[in-house]
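Subject: Structure handover

Hi,

Here is the structure I promised to pass on. Please open it and keep it beside this email while you read.

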Amino acid sequence: MKKKTALLLVLSLLASVMFGCGSSAQSAAETADAPAAEESAAAEESTPAEESAAAEDSDWAYVQSKGKVTVGITMFAPMNYEEDGKLVGFDTELTQAVFDKLGVEPEFIEINWDSKEVELNSKNIDCIWNGMCITEERKQNMTMSDPYLLNTQALVMKADREEEIMADVSGLSLVAEAGSTGEGKVDGSIPDDDTVVVSAHEFFKDTNYTPVDSMAKALMEVKAGTADLAIVDSVCALAMVGEGTDYDDLIVNLDNNFGEQEYGIAFRKGSDMAAMVNDAINELYADGTVASIAEKYGLSEILVSR
């Protein structure tokens, strides 16, 4: 299946301030009361301790205080990956553009995807920006940005076994990234919604499922023959599999519609950074930056409109 056709298929799946005025002719009593009023107003001002506590509640103040924002990622094209020893990708470039606008330097750290929420809440990272699907559970546990890319789940297998595997997956070995949407679809922890045509939980109920530590590792397992098939994000599969790639003997199958997803950025629950990043991305949409980056990485057709 050609990448452009597959991308089109993915598309189808888818405080006012109040104050009082006094008379210029004040009575003696009003004048006498003035010092007491000033003392009361002074008492209402924030103390240094209170200001410090307020700053601790602000993710943005925390990021500014350390002079950088730590971004949790995993490595997969076309989102974040290395090319000639340099970190590149759609998410990499968009992250840099956003934080350039906000005036802080991003530091990218590779994380274990299955531990992403622990890394975020322990402040080892300040956001997760790595092609992460928005789910109801994630929205309950973290503050999510507005969506920016469309996605679905793809099956990857050896090209010469596609017909055999798609006819019956019973007893076959299946891999997916631990903590991923693919895994959630397989084990049922991410429930089916009204965009689902085929339930992944039902489709794979008789397979032998093994989690791996990344989507790239899932593809490696299939290429090596240690797994029969993998379920990974279509955005990843269409970029990494096929002619001219390291996985030219594999094929991407999108025949099953396991449901539509959207990518978003995750922040700590209640973080004030989410709104700031949304505003910055909106500005980058408006000036054409987002469209330009998407075109560079072949993602124009699955870019969420704003």
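A polar atom in the side chain of T207 lies 2.7 Å from the backbone oxygen of F204. Bear in mind as you look that this is a predicted model. T207 sits in the loop between α10 (200-203) and β10 (208-212). Is T207 buried or exposed? T207 counts as buried, because its relative accessibility is 10% and the cut-off for buried is under 20%. Leaving out residues up to four places away in sequence, T207 touches V169, G171, L172 and L174.

S214 is a similar stop on the tour. S214 is found in the loop between β10 and α11. A polar atom of its side chain lies 2.9 Å from the backbone nitrogen of K217. S214 has a relative accessible area of 15%, so it is buried.

Next, helix α11, which covers residues 215-224. Which of its residues are buried? They are M215, A216, A218, L219, E221 and V222. These buried residues pack against the strands β8 (153-158), β9 (173-177), β10, β11 (229-233) and β12, and against helix α12. After α11 comes G225, with a positive phi near 85 degrees.

N256 is worth a look too. Find N256 in the loop between β12 (250-253) and β13. N256 is buried, because its relative accessible area is 13% and buried means under 20%. In sequence, N256 and V198 are 58 residues apart. In space, their C-alpha atoms are 5.9 Å apart. V198 is also one of the contacts of N256, along with L155, M166 and F203, when neighbours within four places in sequence are left aside.

Now the cores.

The largest nonpolar core has 61 residues. Those with the most contacts inside it are M79, F90, W129, Y148, L149 and L299. Helix α13 (residues 273-286) gives the most to this core, with seven residues. Another core, of 14 residues, lies apart from it. L155, V169, F204 and F258 are among the residues of that second core. Back in the largest core, what does M79 touch? Not counting residues up to four places away in sequence, its partners include V88, F90, Y148, L149, V235, Y263 and L299.

Then the empty spaces.

The largest pocket holds about 350 Å³ of space. It is lined by 16 residues. Nearest its centre lie I134, T135, E136, I190 and D193. Three elements give two or more residues to this lining: α7 (136-141), α9 (181-187) and β13 (261-267). The largest share, three residues, comes from α7. By class, the lining of the largest pocket has eight charged, five polar and three nonpolar residues.

The second largest pocket has about 260 Å³ of space. Its lining divides into eight nonpolar, one polar and two charged residues. Among the residues that line it are M75, F76, A77, Y81, E82 and Y247. β2 (81-83) and α12 (234-240) each supply at least two of its lining residues.

The largest cavity has about 60 Å³ of space. Which element gives the most to its lining? Strand β5 (residues 127-133) does, with four residues. The lining includes F76, W113, N130, G131, M132, C133 and R138. By class, the lining of this cavity has five nonpolar, four polar and three charged residues. F76 also lines the second largest pocket.

Last, some backbone details. Most residues other than glycine have a negative phi, and most peptide bonds are trans. Three places here are worth checking against that.

- The peptide bond from A77 to P78 is cis, with omega near 5 degrees. P78 is in the loop between β1 (68-73) and β2.
- D84 has a positive phi, near 55 degrees, and is not a glycine. D84 is in the loop between β2 and β3 (86-88). D84 is exposed, because its relative accessible area is 81% and exposed means over 50%.
- K123 has a positive phi of about 65 degrees, although K123 is not a glycine either. K123 lies in the loop between α6 (116-121) and β5. With a relative accessible area of 31%, K123 is partly exposed.

Best wishes

Methods: Residues numbered from 1 in each chain as written. Predicted model: local features only at pLDDT ≥ 70, side-chain atom pairs only at ≥ 80, totals over all residues. Heavy atoms only, no water. 1 Å grid on protein atoms, 1.4 Å probe; cavity = no way out; pocket = protein on both sides within 12 Å on 5 of 7 lines; lining within 4 Å. Points joined across faces, edges and corners; volume = space filled by probe spheres on them. Nonpolar A, V, L, I, M, F, W, Y, C, P; charged D, E, K, R; others polar. Core = buried A, V, L, I, M, F, W, Y, C linked by side-chain atoms within 4.5 Å. Buried < 20%, exposed > 50% of the residue type's maximum accessible area, 1.4 Å probe, protein only. Contact = heavy atoms within 4.5 Å. Polar contact = N/O pair within 3.5 Å; in protein donor to acceptor, adjacent residues only side chain to side chain.
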